[in-house]
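Please open the model in your viewer and keep the selection panel at hand. The tour below moves from one selection to the next and says what is to be found at each stop.

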Amino acid sequence: MDCKHANEHLVDYLYQELDADEADRIEGHLRQCEGCSDELASFESTRRLMQKLPLLEPSPSVTELLLKEAARAVQPEAPGFWQRLRAGMRLLVLNPAMTAAAVLVLVLGVSFYAYRQTSPPPSDGELPVPDEIGEPAPVGGPAPATAAKAPQVAQTNLDRQEAKQQKEAEGRAGAAVGDKVVLAQPAREPAADMPKGKHALTLDGTRPKTVAKRRVGRRPAARAKPRPTLRYRKGPKRANEAFDDLDSNALGALGGGGGKRDGHKKSGKLASGTESAPRPAPAPAAQAEEKERSSAASAWLAQARKASKVGKCEQALRLYHRALEEDPGLRRTVGPEVRRCAARIGLDGLAKAQKQLPLLAGWLEAEMSEARRREANQQRAARKKAKPAKPKAVPQAPAQRRSYSSPSAD
Amino acid sequence: MTQGHAVALERLSDEELMEAYREGNARAFEHLLRRHQRPVLNFIYRHVGVESVAEELLQEVFLRIIKGAASYKRTAKFTTWLYTIARNLCVDQSRRAKHRQHVSLDQPVKRGETDGARLGDMVANGGPAVDRQAIGRELQQRMEQAIADLADEQREVFLMREYAGLPFKEIAEIMGCPENTVKSRMRYALERLRQELEEYRDLAEAVQVS
């Protein structure tokens, strides 16, 4: 081995990166060659010197931080609420079909719920017929379906089924003479009182005198002064107005009986002179009375819908009025139905009804102005038809046309 | 964690420890950290020259290891990965501090004075006797300066070989150059250091640098 070859491998030898045979050969050369041996010694000396340079020690805080971070990174952590929510949202965002499906389900659900809450009767036979109206003429005591109950649809359906069954069972207990049907007491009243119940009425809207007397006797304060007209907010409906009912119902359900009434009080959109000051803790008797009233309101409402269905619109309006007298909280529910009935009774009927039914005055007035507008339009159209058709316009004279042509053309 | 487990982890290679950490054993990472943080810190420190910056970069290196643990494959050598990260961070830092000026300890405290107090005289003491301390401090400064004066490639090879004990083959992999080039750079680095510290060679044998 010559010095050149040894020098080439000196660094390898210094750092012991040679295999045993090669290292032996280098060592043999180094024993013979003083120059290469000195070179190696100087490198070893430099290395030893450099190894005496003190080294920095890592800061304990850095070590601690890194260990914590390392432990946290491999720690299996259960996804929290926000992580799961974020994951769900990511899924929705990444999958447009799922987003569309979720929106569709939401819209359908809300629409169905709102529809079941309002359940307007069909005006032209195209809308689905609610259960109460589809029934044969009820002569028994209708059970309160939704008025003072929790707002869940399922519960409402159950109540309706119960009411149906009770109606069938008690159908023949009520008296029916001609077209005058006497309503029995609500289902919770004793059966013996049914024909003479305080809510009894005839379908033409007149209340039996004995019943009226009894009502006056029981609630003199409510009857002593004339019932003031409820102020109802006019103008276009808000898009989310259907939710107001849901909220008020929910509030009512939370607060116990009389949910709609309480809900409207809280929403502050309906100002009623008949509403007394808020009663934080109504007495049991008052609660029972309130319950009774809302049951009665449901009965009136059912009758009104039936009358509306069979085309007796004026009568239906009177029945709606009765229902509102019992439970002003029904205003939102019956509003569209009242408008539909009012649209079918003509201007004279409207004027008459407006005098007699102060609680419906707002709707009737609106409908009257609408009817007047329709009538004016019809008259205008009739006048137009009556006038002889004008002769067709004479074609423009050539001279007039020339005025637009270029002078050079002449 | 029992003593037996700790010993068992101590015997594992870097790659085995990394795999254990990836599978959720945080103690495996602790072993890795204790094994490598000191040489990596000094590698970085000799590269960037500022202790606080070196600590920040050390932290960053191991944070990247933690983040990348999930994608680590055992076929890759852990130290190659580790020093590649460290080197890249050092290069980035050097670029950022390109115009950074080193303050020499020989620089006068007051500008314009040529024979007044020097910065080196104001360095906190508390070590050995004055003579040995003076010699030791001076030697240390010269050694540090000699390392700093090396060409970047030579310094990197020297630091990885001397501080981290990486074989030339691995250094070549980290630096992306042939192994022979790495050996040449090592030889140039040793020759340069020998030249710079020639006058201290005898002294170095007698004086313990503190």
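Select residues 313-326 of chain A, which form helix H15 in this predicted model. The 14 residues of H15(A) should span 20 Å at 1.5 Å a residue, and the C-alpha atoms at its ends are indeed 20 Å apart, so expectation and model agree. Now colour by burial: 13 of the 14 residues of H15(A) are buried, which leaves this helix mostly covered.

For a contrast in surroundings, go to residues 81-94 of chain A, which make up helix H6. Here too there are 14 residues, for which 1.5 Å a residue gives an expected span of 20 Å, and the distance between the end C-alpha atoms, 20 Å, agrees with that. How many residues of H6(A) are buried? The number is zero, so H6(A) lies largely in the open.

Zoom out to the whole of chain A, where 19 helices and two strands can be displayed. Of its 410 residues, 28% count as buried. If you draw the contacts of chain A between residues at least 6 apart in sequence, 57% of them join residues at least 24 apart.

Next, in the same chain, show helix H16 (residues 331-342) together with helix H18 (residues 361-386), whose axes come within 9 Å and cross at roughly 45°. An angle of that size falls in neither the parallel, the antiparallel nor the perpendicular range, and H16(A) and H18(A) are therefore oblique to each other. The crossing in which H16(A) passes H18(A) is right-handed. To see the contact itself, show the side chains of Gly335(A), Val338(A), Arg339(A) and Ala342(A) on H16(A), and those of Trp363(A), Leu364(A) and Glu367(A) on H18(A). Sorted by class, the residues of this contact are four nonpolar, one polar and two charged.

Before leaving chain A, centre on Gln16(A), which sits in the loop between helix H2 (10-14) and helix H3 (20-32). Most residues other than glycine have a negative phi. The phi of Gln16(A), however, is near 55°, a positive value in a residue that is not glycine. Is Gln16(A) buried or exposed? With 8 other C-beta atoms within 10 Å, Gln16(A) is exposed.

Now bring chain B into view and select the contact between the chains, to which chain B gives 37 residues and chain A gives 28 residues. On the side of chain B that touches chain A, the elements giving two or more residues are helices H3 (26-48), H4 (51-68), H6 (130-149), H7 (152-162), H9 (179-196) and H10 (201-206) of chain B. Which of these elements gives the most? H3(B) does, with nine residues. The residues of this side of chain B divide into 21 nonpolar, six polar and 10 charged.

Stay with H3(B) and add helix H5 (residues 78-96) of chain B, which packs with H3(B) at an angle of about 25°, the two axes being 10 Å apart. That angle makes H3(B) roughly parallel to H5(B), and H3(B) passes H5(B) in a right-handed crossing. From H3(B), display His36(B), Val40(B), Phe43(B), Ile44(B), His47(B) and Val48(B), which meet Leu82(B), Ala86(B), Cys90(B), Gln93(B) and Ser94(B) in H5(B). This contact of H3(B) with H5(B) has seven nonpolar and four polar residues, and no charged ones.

Keep H5(B) on screen and turn to H4(B), which packs with H5(B) at an angle of about 135°, with the axes 10 Å apart. H4(B) is thereby oblique to H5(B), and the crossing is right-handed. On the H4(B) side, Val53(B), Leu57(B), Glu60(B), Val61(B), Arg64(B) and Ile65(B) take part, and they meet Leu82(B), Ile85(B), Ala86(B), Leu89(B), Cys90(B) and Gln93(B) of H5(B). The classes in the contact of H4(B) with H5(B) are nine nonpolar, one polar and two charged.

As a last stop, follow chain B into the loop between H4 and H5, where Ser71(B) is found. Ser71(B) has 7 C-beta neighbours inside 10 Å and so counts as exposed. Add Arg22(B) to the selection: Ser71(B) and Arg22(B) are 49 residues apart in sequence, while their C-alpha atoms are 8.7 Å apart in space.

Terms used
Residues numbered from 1 in each chain as written. Chains lettered and ligands numbered in written order. Predicted model: local features only at pLDDT ≥ 70, side-chain atom pairs only at ≥ 80, totals over all residues. Contact = placed C-beta atoms within 7 Å. Helix = DSSP H or I, 4+ residues; strand = E, 2+ residues; numbered from the N terminus. Nonpolar A, V, L, I, M, F, W, Y, C, P; charged D, E, K, R; others polar. Buried ≥ 20, exposed ≤ 12 C-beta atoms within 10 Å, placed from the backbone. Expected span 1.5 Å × (residues − 1). Axes fitted to C-alpha atoms, helices over the stretch in contact; angles between N-to-C directions. Parallel < 35°, antiparallel > 145°, perpendicular 65-115°, else oblique. Left-handed = near helix turned anticlockwise from the far one by under 90°.
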